[in-house]
Amino acid sequence: MAKVVIKPKKQKNPRILVVTPEITYLPEGMGNMANHLKAKAGGLADVSASLVSALYRQGADVHVALPDYRQIFKVATNHLVSRELRMYLNGLTNNRVHLAEDRIFYYRDRVYSSYSAESMLVALAFQREVINNIIPKVNPDLIHCNDWMTGLIPGMARRLGIPCLFTVHNIHTQKTTLEQIEDRGIDAATFWRELYYDRIPVNYEESRSGNMVDMLASGIFSAHFINTVSPTFLEEVVQGWFDFIPPEVRGEIRGKYHAGCASGILNAPDEAQSPDKDPALPEKFTSSNHHIVKRNLKTLFQRKVGLREDANAPIFFWPSRLDPVQKGCQLLSDILYNTLARYSFANMQVAIVANGAYFEVFERIRNMHNIGDRLAVVPFDNDLSQLGYGASDFMLMPSLFEPCGLPQMIAPKYGCLPIVHNTGGLHDTVEMLDVWQHRGNGFIFNDYDSHALAWAIDRAMEFYQLDADSKAKEISRIMDEAQRRFNHDVTAQAYIRIYEEMLQCPLVVDRD
């Protein structure tokens, strides 16, 4: 097998293909129906939207590949007139948005299935369309893939000599075989050597049906460059933190890191998540009038979730999933009643607007102690959650690990100070508040236990009990800093720098 060095083409405006299974929105101008194409399950949708929008605003030749989730998009094709239908079926307009077509996407009501077998079928159908139809049609100069659902594409990109960036948003992976991949219409024989297997393959025939392909490890292995969604989480993976990370995934990330082909880039919140333009807030505010408007929003929020109406009460807000494996909700449950009792003189309140395994645990605490006027436990609702940011004083996020996290970046924009465990993206975005030095934006605890969380809550209450003028000045500073620091353009610029570096580097390609 020969190695061929391909020098990069000199491109004034290289064509970028972003491959993502979910996106929050597309910018106006990418197609007459672009505003319909919204499919979100998590932070990947937000960062995909922010990156595409920033690239498009800057005049880049950016293209997007995503599944045609007709039901999620709420596009009723039978109601489209003939011209609209032709545009829709041909990738909308301007050939910028490319929809992967398969019936498995059309009637889904959510992006991901709770069944791993179904999720794999969806992922393979998506990648089949990208590899067989979209890449040949777009002819990109660079491909940007995201998470395990796109893990086969970097292998094909390497075989074609196209630079490929692979972003690891989550450590979750799935496995399948070459036989199953080919049964779904992907000619894996052309790039099978670029994939990652459970064991070293002897040859194609020997491995076809009995040697499992790891989707996430394959994407990392075959991509020319990778990134995680925070610098610290990348360091934690490389250094061997967290036993739950599959050894093959850790090993491939380490390999890319030590080869100088890995970096960490923080995601950014949705641009609409800002108190001066959030449609969920009945009254908008900025850093100059937060101290007035937040009091009004607080009483409205208290009324909606059943808390005692008191504009002077400190509200601690929980917006994340109630997932005890990652989010640390058991730390809060261990100390919740005693903490509320200790600060009963200040009418401390806790508002949980979230779903997950610990929902009933917090309901039992509320009902057992009859503290419904100081502890709200309500299912997640997007508008109510956004109002929670605007109304609350502090945001709780005591995660065991956090590849990036978004709530800790959203909250300070609203003058809601984060209380976080010192890990991953939380470490990269939250600094301990020092009122006297006018530095920091929240409260951090180092040890992952309930006593450390209680300590951080105590520091937050010390801040809350300062005089109103001192508090208002610090919150205004924190809000302004968050607006400058946590935005799409900052994130996009980091990705653009990687794109530029990748497009300048020669590629080594195997040739049979």
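Helix α13 has a kink of about 50 degrees, centred on L336. The model is a predicted one. The helix has 14 residues, and its first and last C-alpha atoms are 20 Å apart. That is close to the 20 Å expected at 1.5 Å a residue. L336, at the centre of the kink, is itself buried. The other buried residues of α13 are C329, Q330, L331, L332, S333, I335, T339 and L340. In an α-helix, residues three or four places apart point the same way, because there are 3.6 residues a turn.

**Two asparagines with positive phi**

The loop between α13 (329-342) and β12 (349-353) holds N347. Phi of N347 is near 55 degrees, a positive value in a residue other than glycine. N370 also has a positive phi, about 55 degrees, and is not a glycine. Are these residues buried or exposed? N347 is buried, with a relative accessible area of 5%. N370 counts as exposed, at 66% relative accessibility. The table sets them side by side.

| Residue | Phi | Loop | Relative accessibility |
|---|---|---|---|
| N347 | near 55 degrees | between α13 (329-342) and β12 (349-353) | 5%, buried |
| N370 | about 55 degrees | between α14 (359-369) and β13 (375-378) | 66%, exposed |

**The nonpolar core**

How many residues does the largest nonpolar core have? It has 163 residues. Those with the most contacts inside this core are F301, F316, F362 and I419. Helix α5 (residues 116-138) gives the core its largest share, 11 residues. Nonpolar side chains tend to be buried together in soluble globular proteins.

I419 shows what such a contact list looks like. Neighbours within four places in sequence are left aside here. I419 then touches F316, F394, M395, L396, M397 and P398. I419 is also in contact with F443, L453, A456, I457 and A460. F316 appears again here: it touches I419, and it is among the core residues with the most contacts.

**Aromatic pairs**

The whole structure contains 20 aromatic pairs. One of them joins F317 and Y389, with ring centres 5.3 Å apart. Their planes stand at 85 degrees, so the pair is edge-to-face. Where in the chain do F317 and Y389 lie? F317 is in strand β11 (residues 315-318) and Y389 is in helix α15 (residues 382-391). The two are 72 residues apart, and the pair links distant parts of the chain. Both F317 and Y389 are buried. Elsewhere, ring pairs link F233, W241, F242, F244 and F401 into a cluster.

**Cysteines without a disulfide**

How many disulfides does the structure hold? The number is 0. Why is C145 not bonded to C164? The sulfur of C164 is the closest cysteine sulfur to that of C145, but at 4.0 Å it is too far for a bond. A disulfide needs the two sulfur atoms within 2.5 Å. For C164, too, the nearest cysteine sulfur is that of C145, 4.0 Å away. C145 is buried, with a relative accessible area of 0%. C164 is buried as well, with a relative accessible area of 0%.

**A buried serine**

S53 sits in helix α1 (residues 43-57). At 2% relative accessibility, S53 counts as buried, because buried means under 20%. Which residues does S53 touch, not counting residues up to four places away in sequence? S53 touches Y25 and P27.

Technical notes
Residues are numbered from 1 along each chain as its sequence is written. This is a predicted model: local features need pLDDT of at least 70, side-chain atom pairs count only at pLDDT 80 or more; totals for chains, interfaces and linings use all residues. Side-chain values use heavy atoms; hydrogens and water are left out. Buried means under 20% relative accessible area, exposed over 50%, partly exposed in between (1.4 Å probe, protein chains only). Helices (H or I, at least four residues) and strands (E, at least two) are DSSP runs, numbered from the N terminus. Contact means heavy atoms within 4.5 Å. A nonpolar core is a set of buried Ala, Val, Leu, Ile, Met, Phe, Trp, Tyr and Cys residues joined through side-chain atoms within 4.5 Å. The expected span of a helix is 1.5 Å times one less than its number of residues. The bend at a residue is the angle between axes fitted to the seven residues ending there and the seven starting there. Rings of Phe, Tyr and Trp (its six-membered ring) pair if their centres lie within 6.5 Å; planes under 30 degrees apart count as stacked, over 60 as edge-to-face and the rest as tilted.
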